[in-house]
Amino acid sequence: VAPARQAAMTEAKLLQGLRHPHIVSCEQVLFEPERQVVRLVLEYMDGGDLQGLIARRRDVEAPEPFEAHFARRVLAAVGGALSHVH
């Protein structure tokens, strides 16, 4: 087994074990031998992701900054998730 493949599979298996409200769940890990890639089947998030939200806000004609309470909530969620992982 190639070291890169093994490292990717190990990381993916760790991700599968994480359970936290602010971490997308990894439902399944697959290895595709023909293409030599590891594929992750992730939980569906119908609200999209933060990057998409920021991009949509930036794309409007007169973008408004996010409210301070929204930024605090996002930072608290990301901080909680990072604390859980580490």
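Okay, where is Glu27 found? Glu27 sits in strand E1, which covers residues 26-32. Before I go on, remember that this is a predicted model.

Let's stay with Glu27 for a moment. At 48% relative accessibility, Glu27 is partly exposed, because that value falls short of the cut-off for exposed, which is over 50%. If you want to place Glu27 against something else in the chain, take Lys13: the two are 14 residues apart in sequence, and their C-alphas are 10.0 Å apart in space.

Next up, salt bridges. How many salt bridges does a search of the whole structure find? The search turns up 2. In one of them, the side chain of Glu32 meets the side chain of Arg35, at 3.9 Å from N to O. That 3.9 Å still makes it as a salt bridge because the cut-off is within 4 Å. Glu32 also meets Arg39, and there the N to O distance is 2.7 Å. These bridges share partners, and they join Glu32, Arg35 and Arg39 into one network. As general background, side chains of opposite charge can pair when their charged atoms come close.

Now, is Glu32 buried or exposed? Glu32 is buried, because its relative accessible area is 19% and the cut-off for buried is under 20%. Arg35, on the other hand, is exposed, with a relative accessible area of 57%. Arg39 is partly exposed, at 37%. So that network takes in a buried residue, Glu32, an exposed one, Arg35, and a partly exposed one, Arg39.

While we're in this part of the chain, have a look at Gln36. You'll find Gln36 in the loop between E1 and E2. Gln36 isn't a glycine, and yet its phi is positive, at about 60 degrees. For context, most residues other than glycine have a negative phi. Gln36 also counts as exposed, because its relative accessibility is 54%.

On to strand E2, residues 37-42, where Leu40 lies. Leu40 has 40% relative accessibility, so it counts as partly exposed. Leu40 is also one of the residues in a nonpolar surface patch: Val24, Leu40, Leu42 and Met45 make that patch together, and it comes to about 310 Å².

Met45 brings me to the pocket. Which residues lie nearest the centre of the largest pocket? They are His22, Met45, Gly48, Leu50 and Ala77, out of a lining of 20 residues. The elements giving two or more residues to that lining are helix H2, residues 50-59, and helix H3, residues 68-85. H3 supplies the largest share, with 6 residues. As for the chemistry of the lining, 11 residues are nonpolar, 5 are polar and 4 are charged. The space in this largest pocket is about 600 Å³.

Last stop is Val60, in the loop between H2 and H3. Val60 counts as partly exposed, because its relative accessibility is 42%. Compare its position with Val41: these two are 19 residues apart in sequence, and 32 Å apart in space, C-alpha to C-alpha.

If you want to follow along on the structure, start at Glu32 and its partners Arg35 and Arg39, then go to the patch made by Val24, Leu40, Leu42 and Met45, and finish at the pocket, with Met45 among the residues nearest its centre.

Notes:
Residues are numbered from 1 along each chain as its sequence is written. This is a predicted model: local features need pLDDT of at least 70, side-chain atom pairs count only at pLDDT 80 or more; totals for chains, interfaces and linings use all residues. Side-chain values use heavy atoms; hydrogens and water are left out. Patches are made of residues with over 30% relative accessible area and no salt bridge: like charges are joined within 9 Å, nonpolar side chains (Val, Leu, Ile, Met, Phe, Trp, Tyr) within 5 Å. Accessible areas come from the Shrake-Rupley method with a 1.4 Å probe; for residues, only the protein chains shown count as cover. Helices (H or I, at least four residues) and strands (E, at least two) are DSSP runs, numbered from the N terminus. Buried means under 20% relative accessible area, exposed over 50%, partly exposed in between (1.4 Å probe, protein chains only). On a 1 Å grid over the protein atoms alone, a cavity is a set of points where a 1.4 Å probe fits but cannot get out, and a pocket is an open set with protein on both sides within 12 Å along at least five of seven lines; lining residues have an atom within 4 Å of a point. Grid points are joined across faces, edges and corners, and a volume is the space filled by probe spheres set on the points. Ala, Val, Leu, Ile, Met, Phe, Trp, Tyr, Cys and Pro count as nonpolar, Asp, Glu, Lys and Arg as charged, and the others, Gly among them, as polar.
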